[in-house]
Amino acid sequence: MASGIEFEEDSENKGSMWVLDQKLDQPMDEEAGRLRNMYREKKFSAVLLLRLAFQSLGVVYGDLGTSPLYVFYNTFPHGIEDPEDVVGALSLIIYSLTLIPLLKYIFVVCRANDNGQGGTFALYSLLCRHAKINTIPNQHRTDEELTTYSRTTFHEHSYAAKTKRWLEGHASRKNMLLILVLVGTCMMIGDGILTPAISVLSAAGGIKVDHPGMSNEIVVLVAVVILVGLFSMQHYGTDRVGWLFAPIVLLWFLLIGGIGIFNIWKYDSSVLKAFSPVYIYRYFKRGGRDGWTSLGGIMLSITGTEALFADLAHFPVSAVQLAFTVVVFPCLLLAYSGQAAYLVKNQDHVVDAFYRSIPDSIYWPVFVVATAAAIVASQATISATFSIIKQALALGCFPRVKVVHTSKKFLGQIYIPDINWVLMVLCIAVTAGFKNQSQIGNAYGTAVVIVMLATTFLMILIMLLVWRCHWLLVLIFTGLSLAVECTYFSAVLFKVDQGGWVPLVIAAAFLIIMYVWHYGTVKRYEFEMHSKVSMAWILGLGPSLGLVRVPGIGLVYTELASGVPHIFSHFITNLPAIHSVVVFVCVKYLPVYTVPEEERFLVKRIGPKNFHMFRCVARYGYKDLHKKDDDFEKKLFDNLFMFVRLESMMEGCSDSDEYSLYGQTEQSRDCLLNDNGNTNSSNLDLTISSVDSIVPVKSPLHASNTVTSSGHTSNQTEGDELEFMNNCRSAGVVHILGNTVVRARRDSRFYKKIAVDYIYAFLRKICRENSVIFNVPHESLLNVGQIFYV
């Protein structure tokens with residue numbers, strides 16, 4: 001049957017409707033084609049999801065997947081006394097994997113990602129966008145209009161509003177929250193040291209199983225060689241070999257799952273009764289305190305879960321969930337059940353339970369895959385460490401270090417040389433110093449459980465403030481999480497003297513570095529804020545100093561997004577001359593993962609036009625990299641010249657002296673579109689200050705060139721100003737940077753003097769200079785020194 005369908009618009013209701021044509025002379029091919037296209041799109045989406053789930057295996061699950069190499073040995077370091085203990089331990093492993101990775105992280109915590117970015121700093125950035133808890137208050141109202149600055153709104157009397165007011169109420173709460181985030185970050189750095197150590201050492205231990213006469217020193221030497229090679233290859237990045245990671249990890253999961261099924265069938269299928277939680281009760285009743293402290297070994301079965309969240313990268317949550325529920329979770333349960341079945345019949349083999357449970361015919365292939373999987377797991381943790389340090393650096397919590405992009409395709413693939421070598425030295429020291437899995441495992445468990453506790457406390461705030469969950473759901477999540485994690489935490493405390501002190505020492509060292517650096521950064525910003533100069537004061541001093549405008553453009557770098565910095569007044573007081581064009585440049589990082597390129601720059605005029613003074617704010621997210629290239633200066637001037645053009649166009653449409661593209665009237669907006677069709681000007685804040693701020697410069701602009709509503713004079717003015725600014729740019733660009741030295745007052749307490757005069761001063765001395773980060777040519781650099789006391 002043939003039918004024709006015609007589309008007709010209902011102009012009266014501003015809608016549309018389908019009208020059946022009476023001719024019925026056309027086949028219904030269009031509707032059938034549309035249905036076929038919808039089916040293809042759904043099929044493509046399913047295929048894409050499967051591909052992303054496959055790729056996530058190599059990036060997200062390497063660390064969690066290598067845990068079967070060392071869990072049972074660390075659970076029973078002194079041997080197995082009763083076969084029932086193996087079943088009880090297996091039951092604990094099953095329910096730990098179910099409660100923490102599956103329920104807490106995969107289905108709850110992963111949803112709290114910041115546009116695909118995970119980790120403690122991503123959670124902190126989410127909170128900073130919903131409450132004013134950032135300790136460096138450098139945000140502007142226009143920052144909230146970024147496309148990546150997403151946040152939810154809530155009612156004034158809701159729990160979210162109460163939580164917001166509670167957090168903002170006292171500075172001590174903001175500092176405690178920051179310390180919590182820094183503790184979680186420092187433990188993740190410790191994780192980046194301990195994961196390669198225990199994974200590679202456990203994998204290399206397979207050599208000794210086939211050659212029992214080999215000394216342990218040989219195994220340690222092999223592990224150290226692999227670690228040196230791994231860290232030495234970091235500067236190449238993972239872009240070229242990253243495609244290998246997912247197949248290796250998938251093969252690894254299939255192998256351990258298959259071996260688990262084989263061992264359950266061959267040795268003892270009755271271990272599957274461990275799915276009953278009754279055996280957990282019997283395990284603790286039988287083992288007493290030893291059973292309780294053995295939780296430190298059980299804890300290792302869920303290590304890698306915290307890295308799972310930190311390594312989310314750009315994988316959608318649905319792909320990560322699919323990979324875990326379909327591949328990772330079943331294969332891990334089978335692997336642990338198979339090892340338990342083997343140990344029930346071979347209790348003396350607990351030291352090398354994984355390798356001894358492998359069938360002889362596939363031993364060496366599994367050994368090769370295990371070593372490769374350990375390297376992949378180590379690589380994922382090292383990359384996560386680089387990423388989280390980059391986030392800390394962006395938020396002013398870590399000294400300035402060199403950050404290198406290793407991939408042109410993927411934003412998140414970075415390499416930090418200084419941190420890489422520190423990690424390598426510490427990792428080798430841990431491996432060679434302990435020489436066995438047990439003590440490294442104790443250290444590893446301590447680091448992981450503290451990261452999980454920090455994540456839980458941050459998630460409570462996320463659920464209240466960002467998600468606006470009902471208090472009952474928050475209570476259930478908090479109760480279940482803390483019940484499990486505090487239990488593990490109490491167990492690892494018993495092993496502090498058996499290796500558990502290592503991550504505590506490492507974390508304490510990094511915490512001191514990060515907090516002292518952040519303290520110095522905040523004090524420098526407060527000094528800039530309190531000592532910034534009023535425009536009227538500079539105007540008053542101008543004639544008395546006899547300021548001279550010299551050819552060229554002066555870029556004055558400052559941390560202030562508003563006001564004139566103290567270094568500028570200090571500069572003109574000692575050298576009474578300023579450039580023909582002055583631009584105050586502020587590079588600041590926002591609590592967002594990235595700032596789109598077209599929204600990066602904010603430009604604003606300071607004072608009347610003939611003073612030629614501007615402010616330019618360059619905004620970055622914590623994943624963005626202020627690369628060492630020549631594009632920054634070019635983009636800055638491009639945006640500056642665009643600002644002058646758009647400003648002139650808007651003057652031709654309105655009689656007002658103040659304009660802002662963020663709050664402009666419809667009249668000025670229409671005029672802008674008519675004059676310059678597709679110009680995207682959301683990155684320019686066209687706010688004109690009418691305050692006379694500095695001595696005007698003699699230029700082709702004349703006071704008689706007043707702006708009229710016709711816009712003809714403004715076009716002439718625009719051309720003259722652009723030509724003048726181009727001439728100034730050709731004359732030379734000078735970069736003026738402040739070199740602020742922080743000192744503790746004489747009456748300060750001794751610990752403050754140590755922190756400021758020694759630790760912070762040392763960090764300032766060894767970290768990268770701002771001139772290097774901004775790629776300022778040495779011949780164009782002018783440092784302005786100043787000292788202030790805290």
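This text walks through a helix, a sheet and two nonpolar cores. The model is a predicted one.

Start with helix α26, residues 750–766. How far apart should its ends be? The helix has 17 residues, and at 1.5 Å a residue they should span 24 Å. The end C-alpha atoms lie 23 Å apart, which agrees. The helix α26 also bends, by about 25 degrees at Tyr760.

Tyr760 is one of the buried residues of α26. The others are Ala755, Val756, Leu763 and Arg764. What do these buried residues pack against? Their partners are α20 (501–530) and β9 (733–743). An α-helix has 3.6 residues a turn, so residues three or four places apart point the same way.

The strand β9 leads to the sheet. Six strands make up this open sheet, in the order β7-β8-β6-β5-β9-β10, with mixed pairing. At the edges are β7 (601–605) and β10 (781–789), each pairing on one side only. From one strand to the next, the twist averages 25 degrees. Look inside the sheet at β6 (residues 577–589) and β8 (residues 613–620). These two strands run parallel, joined by eight bridges. In one bridge, Tyr589 has Tyr620 of β8 as its partner.

Now turn to the cores. In soluble globular proteins, nonpolar side chains tend to be buried together. The largest nonpolar core here has 168 residues. Tyr61, Phe121, Phe253 and Tyr355 have the most contacts inside it. Beyond its close sequence neighbours, up to four places away, Tyr355 touches residues including Leu69, Val209, Tyr363 and Phe367. Another core, of 25 residues, lies apart from the largest one. Among its members are Ile553, Val583, Phe641 and Phe643.

Technical notes. Residues numbered from 1 in each chain as written. Predicted model: local features only at pLDDT ≥ 70, side-chain atom pairs only at ≥ 80, totals over all residues. Heavy atoms only, no water. Helix = DSSP H or I, 4+ residues; strand = E, 2+ residues; numbered from the N terminus. Expected span 1.5 Å × (residues − 1). Bend = angle between axes of the 7 residues up to and from the residue. Buried < 20%, exposed > 50% of the residue type's maximum accessible area, 1.4 Å probe, protein only. Contact = heavy atoms within 4.5 Å. Pairing = 2+ DSSP bridges. Axes fitted to C-alpha atoms, helices over the stretch in contact; angles between N-to-C directions. Core = buried A, V, L, I, M, F, W, Y, C linked by side-chain atoms within 4.5 Å.
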